[in-house]
Amino acid sequence: MAEMALVWFGDERCRDVACAGGKGASLATMTALGLPVPPGFVIPSWVLESAVDTAALRGLAVAGDHAAAEALVGAAEPPREELLAAYAELGEGLVAVRSSACAEDSETASYAGQQETFLNVLGGTEVCRRVIDCWASFFSERALFYRSRKGSLDDLRMAVVVQRMVEPGKSGVLFTVDPVQHRRDRMVVEAVYGLGEQVVSGHATPDHYVVDRAGRPTREHLPNGGVLDGDELTALAELGRSLEETFGGPQDVEWAIADGALYLLQSRPVTTL
C-alpha cells in the first residue's frame, strides 16, 4: 500500500475529487464549512488501483467482462489495519459504507444508484468486506454499461466512504429546484419516517412538498400524514440555499433528522435541468 490509505473528512486532502471521489469530496467540503455532516473517512481512489492488477482489470472492464472484473476485485485486500483503527475511532458502532466514484455526480452525469451503498454495517470485519463490495460494484454489468456511455471504461478511480450512521426519526431528499417543472423559484422535499433509503430506493411512498425559496409550502401530498412541520421545511430550504451557494448550482440533497438535529448525508448537482 502507498503511504496514505485513508483520509478523514476534516482533512483538506479529502476535498480533492481525485482522492475522495465525488461523494467523499462533497462531504469533506461540507464538513469544512461547519455543516452538520456525520463524521467519517474515505479510502482514497488510488487504494483500489494499488490492490489489484490494474492492466488486467482495465482490460476486463473495456471488454465488458463484468463477472471476471468483479471476481478480480473481490480477491483484493483492503487496508485492513488502518480501516480497523479508523472504525474504532468512529466508535465501532453502525456505519454506512458508500461508493464514491471520482467521475460521479458531475454536471453532465449522475452516478447515483450505479454503485453500492451499505447501511447499518457493524463490526470491523464487515466494514472491510463492504469496502470490497463497493469496489466490485464499480465493475458490475450496470455500472460498466453506464460508464461506456457517460464516462470511461479505463477509469479505475473508485473511493469508498465510511460514515457514522445516524438513527433518524425522519429523513428524505431535497431538490433545491423543481426538476420536473424546471422551476428555480421552487424546491421539492420528499420525507418519510425512519431511513431515507426508502425514498431513494422507491420502497416507500414519501410525503411530497413543493415549497418556495423560504420553505413555505405551495403544494403538498401527504400519504404519511405530514412528516415535516413548518420549522423543519424552513430549515431545509435554508440549508438548500446554502448548498447552492457553496457548490454553485442546484443540488439534490439527502438529509436526516435525528433527536431534533438536521444532518446532511449527501449533496450532488441536479443534472436534469
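1. Contact here means heavy atoms within 4.5 Å. With that in hand, take Leu 57, bearing in mind that this is a predicted model. Leaving out residues up to four places away in sequence, Leu 57 touches Val 52, Ala 69, Leu 72, Val 73, Phe 139 and Leu 156. Leu 57 sits in helix α3, which covers residues 54-63.

2. Is Leu 57 buried or exposed? Its relative accessibility is 0%, and buried means under 20%, so Leu 57 counts as buried. One of its contacts can also be followed along the backbone: Leu 57 and Ala 69 are twelve residues apart along the chain, and their C-alpha atoms are separated by 5.9 Å.

3. Next, the nonpolar cores. The largest one has 35 residues, and the members that touch the most others are Phe 41, Ile 43, Val 95, Val 97, Trp 135, Phe 139 and Val 162. Helix α6, residues 124-137, gives the most to this core, with seven residues. There is also a second, separate core of 31 residues, which includes Cys 19, Ala 28, Ala 159 and Leu 236.

4. Which residues does Phe 41 touch, not counting those up to four places away in sequence? Leu 6, Val 7, Trp 8 and Phe 9 are among them. Others on the list are Leu 83, Ala 86, Tyr 87 and Leu 90, together with Val 160, Val 161 and Val 162.

5. Helix α6 also packs with helix α4, residues 66-74: the two axes come within 9 Å and cross at roughly 155 degrees. Angles over 145 degrees count as roughly antiparallel, so α4 is roughly antiparallel to α6. The crossing is right-handed. On the α4 side the residues are Glu 70, Val 73 and Gly 74, and they meet Ile 132, Trp 135 and Ala 136 in α6. By type, the residues of this contact are four nonpolar, one polar and one charged.

6. A second helix pair is α1 (residues 17-32) and α9 (residues 230-247), with axes 12 Å apart and an angle of about 110 degrees. Angles of 65 to 115 degrees count as roughly perpendicular, so that is how α1 stands to α9. This crossing is right-handed. Ser 26, Thr 29 and Met 30 in α1 meet Leu 243, Thr 246 and Phe 247 in α9. The residues of the contact divide into three nonpolar, three polar and no charged.

7. Arg 186 is worth a look as well. It lies in strand β7, residues 186-193. Its relative accessible area is 19%, and the limit for buried is under 20%, so Arg 186 is buried. Setting aside neighbours within four places in sequence, Arg 186 is in contact with Thr 176, Val 177, Asp 178, Gln 181, Val 210, Val 211, Arg 213 and Arg 219.

8. The last point concerns the backbone. Most residues other than glycine have a negative phi. His 182 is not a glycine, yet its phi is positive, about 55 degrees. Where is His 182 found? It is in the loop between β6 (170-175) and β7. Asp 259, again not a glycine, has a positive phi of about 55 degrees. Asp 259 lies in the loop between β10 (251-258) and β11 (261-269). At 84% relative accessibility, and with exposed meaning over 50%, Asp 259 counts as exposed.

Key:
Residues are numbered from 1 along each chain as its sequence is written. This is a predicted model: local features need pLDDT of at least 70, side-chain atom pairs count only at pLDDT 80 or more; totals for chains, interfaces and linings use all residues. Side-chain values use heavy atoms; hydrogens and water are left out. A nonpolar core is a set of buried Ala, Val, Leu, Ile, Met, Phe, Trp, Tyr and Cys residues joined through side-chain atoms within 4.5 Å. Buried means under 20% relative accessible area, exposed over 50%, partly exposed in between (1.4 Å probe, protein chains only). Helices (H or I, at least four residues) and strands (E, at least two) are DSSP runs, numbered from the N terminus. Axes are lines fitted to C-alpha atoms, for helices over the stretch in contact, and angles run from 0 to 180 degrees between N-to-C directions. Angles under 35 degrees count as roughly parallel, over 145 as roughly antiparallel, 65 to 115 as roughly perpendicular and the rest as oblique. A crossing is left-handed if the near helix is turned anticlockwise from the far one by less than a right angle, and right-handed if clockwise. Ala, Val, Leu, Ile, Met, Phe, Trp, Tyr, Cys and Pro count as nonpolar, Asp, Glu, Lys and Arg as charged, and the others, Gly among them, as polar.
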